[in-house]
Amino acid sequence: MLDLVPLFVLIPLGAAFACLLVKKRAPAVAPWLSLVSVVALLGLAIAGVVQGTSGAAIAGGWSLETHLGTSFLPGIVLVFDGLSAMFLLLVAVVSTAVLLFGLRYMDTYDGRPLYYALLSLLIAGMNGAVLAGDLFNLYVFIEIASIASYALVAFGTGGREIEAAFKYLMLGAVASSSILLGIAVLYASTGLLNMADLGAAIAAGQVSEATLLAVATLFLAGLGLKAAMMPFHAWLPDAHPSAPAPISAMLSGLLIKTLGIYALVRVLYVVIGMDGVLGGSLQTLLLVLGCLSMVGGVLLALGQTDLKRLLAYSSISQMGFVLVALGTNTWLGVAAGIYHALNHALFKSALFLSAGSLERLTGTRDITEMGGIARVAPATTLGTVGASLSIAGVPPFNGFWSKLLILIALFSAGLPVVGAIAAATAVLTLVTFVKVQHKALFGALPERLKDIKDVPASMSLPVVALALLCLLGGLLWPLGLQDIVGDAAASVRTDAKTNLAPEQYRTMVHSEGRQP
Amino acid sequence: MIMYALAAVLFGVGLYGLLVKRHLLKKVLGLLILEHAVNLFLVEVGYIEGGTPPIRIEGADAAAFVSNAVDPVPQALVLTSIVIGLGLAMLMVALTLRIYERYGSLDANRMSELKG
């Protein structure tokens, strides 16, 4: 399995190039190229999760005897552990649904081979970021995914799209510079880039507290912007709704998690160390920013009538749940946070796809102008209702379990105030989505929408499938899913007073014959 | 030290241009200056006063090489970062051109969406 790990990056990267090659001669081949590539990724990711292997793979790995007498293996270290496997599977599942949906949805857009090329590039960037074993590769893959996403937001080339993309690009590039600066400062004080080595050096106290504080601030600002945590969220409500629906689903469902949450978990837990000198202040910061995002996001979502904008604000709120869960610095908290990120990817991408269907059906994104869609578009309604129940936290859907776990984690970590805020936010989320259901799907059907037909099966099926996965994710939680998520969490935070996970991570990376 | 100060000043200039200026092209330039301030900082991290290029010549003294050669890793990082910056700059200019075509203006205040 470990030998195959580089394929997670190579397959989508190859598909991106191939889509560009066929752009002129056979544009109709491009969708199938990317579809085949994501199905291959899906197979690989399932195999990875089922086998449960973990370890480091070195891409390149030329054995090199240096003139200076030491020998080492230069190459790109890719680390494949429980957490990476989980996110790789998530990327593959959501990308497959999104690609299927886009087959018909993108009919109205020009330059479709470019869309498939950029989408494949986005997947390659996200997979790479999830696997990267050193900070600079993490940065490079974050940039690959980000640049692809800037271009995809502008894909419609209307005024709205271009402006949103410009704003997103400006803020995203500042965030990337902040991440790079953080990496540079860490390199200046340790001479290391590998995350395992850096973690060991920082744990051994080789970096002064002031430097570490600067580094942590730079990473939090940079990765926080990618994760759209408040107060770094300003780009998201413009960028996510402006993109074509499949891209909105990719951005809100995957990008903010792989580039934001995943990278934040890795950097904070493995490199900087949540139990180290900064542990306490980092925890407080995560909890405060998490609460801000939760409450701010849901309040702004409540006031929206534009369906996609409402969903975008709700994404900020849901990311807040993940952040407070991570702020507990316990195994349960991390597991709950990862589970919620996973669930959010499923239901939010389903909701964004269904928003695309509803926009196609009704010609508007304003939920006050919709209504009674349930009568004319049963399949779309089914998927939308499933995903909405899930995000609203109705049992037995997965959203209920992950929110419950986050509340348990918060209360058992002695944070009742944060727990109460999270509970209140969960209620407000329920209100928001009841409003959406009531206004858009049920009620009276406007006269002008009497004759519409449901969207083709290739558009309704992915939404229904994702909603079904939300239900399954909830039902399977007691039956095995909790072990997989628990393992993923244990790869950054073990269930003990002292955290053994960073140590295990180092052992795993160093066992590949790679000397620090 | 003076070079580190230069990097800091450039970073500030870039951030100022990006946040305060209303002209989109000035925002683009601000971002480019900011990126290169970070690149400059990265190069300085590996620099040794009076160092030699990190190219090893067959038969040269190994110990002297190790102590005199500047660190090649930041240079490799900066090269990568410059390439990424180039891609970003192309995309930014392309978007700016599209905005100009649409509105006939590059004033951020005349745009309907762009508030930040």
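**Figure 1. Residue classes around the second largest cavity of the predicted model**. The lining of the second largest cavity divides into 8 nonpolar residues, 2 polar residues and no charged ones. The residues concerned are A:Leu307, A:Leu311, A:Leu351, A:Ser354, A:Leu358, A:Thr384, A:Phe433, A:Val436, A:Ala440 and A:Leu441. The space enclosed by this lining comes to about 50 Å³.

**Figure 2. Helices around the second largest cavity**. Two or more lining residues come from each of α12 (307-327), α13 (331-362) and α17 (416-441) of chain A. The largest share, 4 residues, is given by α17(A).

**Figure 3. The largest cavity and its lining**. Of the 2 cavities of 30 Å³ or more in the structure, the largest has a volume of about 70 Å³. Chain A lines this cavity with A:Tyr139, A:Glu143, A:Ala173, A:Ser176, A:Ser177 and A:Leu180, and chain B with B:Glu35, B:Ser81, B:Ile84, B:Gly85 and B:Leu88. By class, the residues of this lining are 5 nonpolar, 4 polar and 2 charged; A:Glu143 and B:Glu35 are among the lining residues.

**Figure 4. Elements of both chains at the largest cavity**. In chain A, α5 (135-153) and α6 (159-190) each give two or more residues to the lining of the largest cavity. In chain B, α4 (72-103) does so. Lining residues shown from chain B include B:Ser81, B:Ile84, B:Gly85 and B:Leu88.

Note on methods:
Residues numbered from 1 in each chain as written. Chains lettered and ligands numbered in written order. Predicted model: local features only at pLDDT ≥ 70, side-chain atom pairs only at ≥ 80, totals over all residues. Heavy atoms only, no water. 1 Å grid on protein atoms, 1.4 Å probe; cavity = no way out; pocket = protein on both sides within 12 Å on 5 of 7 lines; lining within 4 Å. Points joined across faces, edges and corners; volume = space filled by probe spheres on them. Nonpolar A, V, L, I, M, F, W, Y, C, P; charged D, E, K, R; others polar.
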